[in-house]
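Q: Please take one part of this structure and describe it closely, explaining each technical term where it first appears. I should like to see how that part is joined to its surroundings.

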Amino acid sequence: MNLLGEPGVGLSGGPGTPVPNVTQVRAVTSGQVWGLLIVLLLLTTSQVWGHGHQPRDVVTGAHGPFPAALGSAAPVAPEHVVRRPSGFDEALVHGLYVRQTDSSSGMTAVNVRTGKEYWRFERPASAPGVHTFDVSERTVVVAFGDGRLAGIDLRTGKPLWHVDIRHAKGFRTTELAGGQAITEAPGAVRAFAERDGRSLWTARTPKSCPDVLVITAVYALPGHLTVVPVACNVASVNRDAYNLLLGIDNRTGKVLWQQRTAAPRLMVRGGAHTLVIPDPENPSATQVLDVDRRGAHGRTVTNSDWWDAVASGGGIVLSAIDPDDGSEVHDTLLRAYRTRSGHLAWQLRAPTGQEYGSPDIADGRVYVVRQPFLTGPDTGHRIRADLLVLDLDTGRLLHTLPLPAVTVPDDERELDVRDVADGAVSIGWRDDDGGVLIATD
């Protein structure tokens with residue numbers, strides 16, 4: 001049990017009564033000694049079982065040594081594609097490609113260099129599957145549909161801990177921020193220690209928000225501040241749904257401030273203390289939020305295409321639009337705005353007959369795919385596209401990598417940059433379960 005009486009176990013250092021020392025044992029009566037021995041036995045037993053899995057779970061452990069990272073930062077000039085793993089929800093970290101298993105009942109890590117499975121953790125197929133997960137340099141934290149939250153060691157693939165959150169079944173989310181795994185619980189946002197699953201804090205939401213869903217990303221800001229965008233009452237038919245931004249002290253769980261907001265799913269981080277919240281229903285009301293422990297103070301930005309913000313970082317927000325047809329179908333123009341002033345920094349228009357996928361920003365560079373302008377009849381055809389590397393501050397083209405030919409899927413037809421990390425770039429079709437290209441130097 002954790003501190004709230006929920007079933008869950010972890011490694012040493014987790015919640016529970018400390019093991020008594022010899023002096024304490026000698027100071028009690030013989031009856032108390034037997035009681036302490038029983039406690040010690042139970043604690044020992046819980047540590048043996050407490051690696052976060054049950055007998056029917058599949059835990060392969062690591063196959064071979066931990067792979068070296070492909071690079072210490074984002075690649076400057078990627079030159080080739082290493083492998084084509086499959087799957088949509090994924091993360092690149094330290095030479096590994098981490099994703100859900102094909103059955104969605106667990107997680108697997110693939111060695112990017114060899115394409116071989118490095119480790120696998122999988123619950124029985126009858127158990128509720130993975131809904132979301134997040135990855136750090138050390139840990140994979142997974143939210144399952146039955147209320148279970150589990151931590152897996154990235155290097156070994158072995159479960160570290162799990163906790164079953166009472167009355168929190170259904171769609172589950174988790175985000176890692178500042179060494180804490182953040183998830184929702186009935187009427188609250190919860191935080192657990194990334195490495196041992198200790199219950200760290202519980203932040204209660206307003207009474208008007210008993211049904212909570214943590215949205216998109218959690219931001220750990222300076223000053224022990226964690227900003228959590230949540231959606232309230234999304235699963236309730238009797239209450240009005242609305243979006244809320246919570247500023248939480250990440251040592252105590254105290255809610256420092258709360259603010260209703262629009263479209264948290266589209267929120268992007270524009271700097272150490274800056275968040276951008278586009279509102280697709282009111283393009284003229286996009287806000288740049290300057291955030292600290294006192295609150296979130298908004299500055300209105302009136303650029304008409306800020307609402308289609310697709311990436312941010314280094315004081316720049318990128319939007320991708322089609323000036324002629326709107327942004328829902330094709331993106332033919334990349335625009336970069338400075339978050340402090342809201343002024344246009346640069347723009348890049350695709351050549352005639354081509355368009356852009358969603359970009360990513362890392363280490364002062366923009367990574368984006370430029371591809372042929374696709375329509376319905378292109379489904380099933382093979383096309384070639386290019387990965388572009390741009391200077392974030394000026395938009396200057398630094399490098400171009402022609403990609404291998406890929407087959408256009410049935411529905412979504414844009415190639416997006418999904419992740420940039422540790423010397424590699426992952427690229428795949430938007431919202432599709434097809435193959436993923438991984439490019440490196």
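A: The following account gives the setting first, then one strand with its partners and its disulfide, and finally two other places in the chain.

This is a predicted model, in which local features need pLDDT of at least 70 and side-chain atom pairs count only at pLDDT 80 or more, whereas totals for chains, interfaces and linings use all residues. Residues are numbered from 1 along each chain as its sequence is written, and side-chain values use heavy atoms, with hydrogens and water left out.

The protein chain holds two helices and 38 strands. Helices (H or I, at least four residues) and strands (E, at least two) are DSSP runs, numbered from the N terminus. Of the 441 residues in the protein chain, 52% are buried. Buried means under 20% relative accessible area, exposed means over 50%, and partly exposed lies in between, with a 1.4 Å probe and protein chains only.

The part chosen is strand β18, which covers residues 225–232. Eight of the eight residues of β18 are buried, so the strand is largely enclosed by the rest of the structure. In a regular strand the side chains alternate between the two faces of the sheet. In β18, Leu 225, Val 227, Pro 229 and Ala 231 point one way, while Thr 226, Val 228, Val 230 and Cys 232 point the other way. Both sets are buried.

The partners of this strand come next. Two strands pair if DSSP finds at least two bridges between them. Strand β17 (residues 219–221) runs antiparallel to β18, and three bridges join the two. Ala 220 is the residue opposite Thr 226 in β18. β17 and β18 form a hairpin with three residues between the strands, and Gly 223 there has a positive phi near 80°. Strand β16 is also antiparallel to β18 and is joined to it by three bridges; here Leu 213 lies opposite Ala 231. With β19, strand β18 pairs over eight bridges, again in the antiparallel sense. In that pairing, Cys 232 faces Tyr 242 of β19.

Cys 232 also takes part in a disulfide, a pair of cysteine sulfur atoms within 2.5 Å. A disulfide is a covalent bond between the sulfur atoms of two cysteines. The whole structure contains one disulfide. It is formed by Cys 209 and Cys 232, with sulfur atoms 2.1 Å apart. This pair links distant parts of the chain: Cys 209 is in the loop between β15 (199–204) and β16 (212–214), and Cys 232, 23 residues away, is in strand β18. The angle about the S-S bond is -90°, and the link of Cys 209 and Cys 232 is left-handed. Both cysteines are buried.

Asn 233 lies in the loop between β18 and β19 (242–249). With a relative accessibility of 2%, Asn 233 counts as buried. Its side chain reaches the backbone oxygen of Ser 208 at 2.8 Å. Leaving out residues up to four places away in sequence, Asn 233 touches several residues, among them Ser 208, Cys 209, Pro 210, Asp 211 and Tyr 242. Contact here means heavy atoms within 4.5 Å. Asn 233 is thus in contact with Cys 209, one of the two cysteines of the disulfide.

For comparison, another sheet may be considered. Four strands form an open sheet in the order β25-β26-β27-β28, with antiparallel pairing. β25 and β28 (344–349) stand at the edges with a single partner strand each, so one side of each has no neighbour in the sheet. Even so, four of the five residues of β25 (residues 309–313) are buried, so this strand is largely enclosed by the rest of the structure. β25 and β26 (residues 316–321) are antiparallel and joined by four bridges, among which Ala 311 has Leu 318 as its bridge partner in β26. These two strands form a hairpin with two residues between them, and Gly 314 in the turn has a positive phi of about 60°.

A last residue is Ala 193, in strand β14 (residues 188–193). Ala 193 is buried, with a relative accessible area of 7%. Beyond its neighbours within four places in sequence, Ala 193 is in contact with Trp 161, Gly 179, Arg 198 and Leu 200.

How values were computed. Polar contact = N/O pair within 3.5 Å; in protein donor to acceptor, adjacent residues only side chain to side chain.
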